[in-house]
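Thanks for sharing this one with me. Here are my notes, set out as numbered points for you to follow alongside the coordinates.

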Amino acid sequence: MTDLEHDATVRTAQELIRIDTTNWGNGRARGEREAAEYLEARLTALGSRVHVFEAAPRRTSIVARIPGRNPELPALVVHGHTDVVPADADDWKVDPFAGEIRDGMLWGRGAVDMKNVDAMMITALEQLQAVGEQPARDLIVAFFADEEDGGKLGAHWLVEQHPELFTGATQAISEVGGYSINVDGRRAYLLQTGEKGMIWARLQVRRRPGHGSKHIHPDDNAIQVLAAAIVRLAEHEWPMHLGDTSREMIAALCELTGEDVEQIGADQLALRCGSAAAWLTASLRTTANPTVLEAGSKQNVVPATATVTLDIRPLPGDEDAVLETLQQIVGDDVEIAIDWRFNGAQAPAKSDLVTAATRALRKFDPDAVVVPYLLPAGTDNKSLARLGIDGYGFAPLLLPDTLDFPALFHGIDERVPLESLVFGREVLAAFLRDFDGS
């Protein structure tokens, strides 16, 4: 076993992966209480009083407050989630819940999203305490349940039911930002300063059922009407729109590449970002993808209803307009039902937090260049935004150029280099120690 395999952050991430916290959605999950208890014990050992909450049985979230050197400063929320999306072991090279170390990497569901970051956070705090140091600000440390189902039983519920937990906080850091990418051969770090909205919706068509042998006009067959609506949606080109965050991203990429966005366009500029290109092109426009299709129960029965679920990610502020456009695309005889909605959020791309994050990165990578970006997916930062807390994605990882890191989110064979985990802990510890607003 190598020294890296003995590292506290590696071992913590490994132990968290071995707690199966699969979240299937719609209230069905497992393991979140066990993961919360594991992290509660670590926070308690730091001398913190840990508050434990369950929005439903065994859907456990924990929150603790760690005093900083400057209690007069606004508090910082440092948060992660313990749940993971399902993993089919038949698709993986390793057992997704074994926490196996192979080829210098830690493998398993959550190695990328986001037990790696949970481990970096808790061990950064432990590292500071071990050398007798405090964070610059008061920290509100939270590990939430149910993020993978929109936070309904986690961050969203806590913000609704216990907003007092976050009193005094003005900023937050969490996942999906701070990792390195390759831009035309130069290393840069994406730092998430905003995220798109989330609308989970269903399109439903109702028609009179009938015998499968009958001649039925396409307009009277629920499946065919819905299929035509799906095709129209697939053919729709959502327009590009550059908000504040995306404009800052484009400016940073122009400086890195020497390109003029007016000459090559924002999409082409984003494509210069290697494995991150798919994330960044999706951040420039609304997306609406069908995910689950349901209709019928028997081969010789034309069904009464046909339904498709959509994962819609509007640009911040465009949520209402997107729903209006969606209805125009699919037609008035297609019903739209909203299952879950969160508006997008943007934090200032130029802020004391971004300055401090850049400074911390440069302690360990002197040539670090930070590129702000709009996350096309979502995090629990959206829940905290409802309390006026500016959320950032800062989970620093120095990654090899050969690793397609964004593709591993919710993908198979999730893995993260051991060296990256250690790098992330060191950068986070420096950030938390020094982030005093200067």
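1. Is Asp-184 buried, partly exposed or exposed? Its relative accessible area is 40%, so Asp-184 is partly exposed, as the class runs from 20% up to 50%. Please keep in mind throughout that this is a predicted model. Asp-184 sits in the loop that links strand 10 (179–183) with strand 11 (186–195). Its backbone deserves a look too: phi is near 55°, a positive value in a residue other than glycine.

2. A second residue to check for its backbone is Asn-26, which has a positive phi of about 55° although it is not a glycine. You will find Asn-26 in the loop between strand 1 (23–25) and strand 2 (28–29). With a relative accessible area of 75%, Asn-26 counts as exposed, because that class begins over 50%.

3. Another backbone point concerns a peptide bond. The one leading from Asp-113 to Met-114 is cis, and its omega is near -15°. Met-114 belongs to the loop between strand 7 (105–107) and helix 4 (115–130).

4. Now to the interior. The largest nonpolar core contains 91 residues. Leu-43, Leu-76, Ile-173, Tyr-179, Phe-394 and Phe-431 are the residues with the most contacts inside this core. Helix 14 (residues 418–434) gives the most to it, contributing 9 residues.

5. Ile-173 is a good place to start browsing that core. Leaving aside residues up to four places away in sequence, Ile-173 touches Leu-76, Val-77, Val-78 and His-79, and also Met-121 and Leu-353. Tyr-392, Phe-394, Leu-428 and Phe-431 are on the list of residues touched by Ile-173 as well. Apart from the largest core lies another one, of 22 residues, including Ala-201, Val-225, Ala-229 and Ile-329.

6. Next, a helix pair. Helix 6 (residues 222–235) packs with helix 11 (residues 319–330) at an angle of about 125°, and their axes are 8 Å apart. That angle makes helix 6 oblique to helix 11, since only angles over 145 degrees would count as roughly antiparallel. The crossing of helix 6 past helix 11 is right-handed. On the helix 6 side, Ala-229, Arg-232 and Leu-233 make the contact, and on the helix 11 side Leu-326, Ile-329 and Val-330 do. Sorted by class, the contact of these two helices has 5 nonpolar, no polar and 1 charged residues.

7. A further pair is helix 2 (residues 8–17) with helix 3 (residues 32–45). These pack at an angle of about 150°, with axes 10 Å apart. Helix 2 and helix 3 are therefore roughly antiparallel to each other, as the angle has to be over 145 degrees for that description. Thr-12, Glu-15 and Leu-16 of helix 2 meet Tyr-38, Leu-39 and Arg-42 of helix 3. By class, there are 3 nonpolar, 1 polar and 2 charged residues in the contact of helix 2 with helix 3.

8. One last residue for your list is Arg-247, found in helix 7 (residues 244–257). Its relative accessibility is 45%, so Arg-247 counts as partly exposed. Arg-247 and Ala-266 are 19 residues apart along the chain, and their C-alpha atoms are separated by 9.4 Å.

Technical notes: Residues numbered from 1 in each chain as written. Predicted model: local features only at pLDDT ≥ 70, side-chain atom pairs only at ≥ 80, totals over all residues. Heavy atoms only, no water. Core = buried A, V, L, I, M, F, W, Y, C linked by side-chain atoms within 4.5 Å. Buried < 20%, exposed > 50% of the residue type's maximum accessible area, 1.4 Å probe, protein only. Helix = DSSP H or I, 4+ residues; strand = E, 2+ residues; numbered from the N terminus. Contact = heavy atoms within 4.5 Å. Axes fitted to C-alpha atoms, helices over the stretch in contact; angles between N-to-C directions. Parallel < 35°, antiparallel > 145°, perpendicular 65-115°, else oblique. Left-handed = near helix turned anticlockwise from the far one by under 90°. Nonpolar A, V, L, I, M, F, W, Y, C, P; charged D, E, K, R; others polar.
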